[in-house]
Amino acid sequence: MHKDRGTIKWTSLMLPEHVEKLKHMWADEYDVNQPPLLDEQQLEDMNRICAQAYHNKTIVQVTAFDQHETKHFTGTITRINEQRQTFTITTPKENVMIPFSSIIHIE
């Protein structure tokens, strides 16, 4: 069986500037200081779960990205503000307002 060298065989044909740009691109892809990109299906699922939890007053676990870190909240959704694009979750300790754009996961 022939063993392929993958992308290594092409690096000799690339300019050093291109190699450097690719290294930066790959580093940015795995940067934990940026929120992960969510596809349309994930956003729809989270929206559905959020609406059901609000109407049924069930407890949810929310993971949100805030200032280069992920935060976890467990509680009930007590308010949804569509104008501000936020919702309020009531935990045993506090009420937290979370922007829709910072939500990574909800269950």
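The following legends accompany close-up views of a predicted model of one protein chain.

**Figure 1. Overall arrangement of the chain.** The chain contains 3 helices and 5 strands. Read from the N terminus, these elements follow the order α-α-α-β-β-β-β-β. The chain has 107 residues, and 21% of them count as buried. Its accessible surface amounts to about 8,800 Å², with carbon and sulfur atoms accounting for 54% of that area. When contacts between residues at least 6 apart in sequence are considered, 41% of them join residues that are at least 24 apart.

**Figure 2. The largest nonpolar core.** This core consists of 14 residues. The members that touch the most other members are Val60, Val62, Ile77, Phe87, Ile89, Ile98 and Ile106. At least two residues of the core come from each of the following elements: helix α3 (40-56) and the strands β1 (59-66), β2 (69-81), β3 (86-90), β4 (95-99) and β5 (103-106).

**Figure 3. The surroundings of Ile77.** Ile77 is among the core residues that touch the most other members. Which residues are in contact with Ile77, once its neighbours within four places in sequence are left aside? They are Cys50, Ala53, Tyr54, Lys57, Val60, Phe87, Thr88, Ile89 and Ile106. Among these partners, Val60, Phe87, Ile89 and Ile106 are themselves named with Ile77 as core members that touch the most others.

**Figure 4. The largest pocket.** The volume of this pocket is about 300 Å³. Its lining is formed by 13 residues, and those that lie nearest the centre are Leu43, Met46, Asn47, Cys50 and Phe100. Two elements, α3 and β5, give two or more residues to the lining. Helix α3 gives the most, with 6 residues. By character, the lining comprises 9 nonpolar, 2 polar and 2 charged residues. Cys50, one of the residues nearest the centre of the pocket, is also in contact with Ile77.

**Figure 5. Thr86 in its strand.** Thr86 is located in strand β3. Is this residue buried or exposed? Thr86 counts as buried because its relative accessibility is 10%, and the cut-off for a buried residue is under 20%. Apart from neighbours within four places in sequence, Thr86 is in contact with Ile80, Asn81, Met97, Ile98, Pro99 and Phe100. Two of these partners also appear in the earlier views: Ile98 belongs to the largest nonpolar core, and Phe100 helps to line the largest pocket.

Terms used
Residues numbered from 1 in each chain as written. Predicted model: local features only at pLDDT ≥ 70, side-chain atom pairs only at ≥ 80, totals over all residues. Heavy atoms only, no water. Helix = DSSP H or I, 4+ residues; strand = E, 2+ residues; numbered from the N terminus. Buried < 20%, exposed > 50% of the residue type's maximum accessible area, 1.4 Å probe, protein only. Contact = heavy atoms within 4.5 Å. Areas by Shrake-Rupley, 256 points an atom, 1.4 Å probe, with all protein chains shown as cover. Core = buried A, V, L, I, M, F, W, Y, C linked by side-chain atoms within 4.5 Å. 1 Å grid on protein atoms, 1.4 Å probe; cavity = no way out; pocket = protein on both sides within 12 Å on 5 of 7 lines; lining within 4 Å. Points joined across faces, edges and corners; volume = space filled by probe spheres on them. Nonpolar A, V, L, I, M, F, W, Y, C, P; charged D, E, K, R; others polar.
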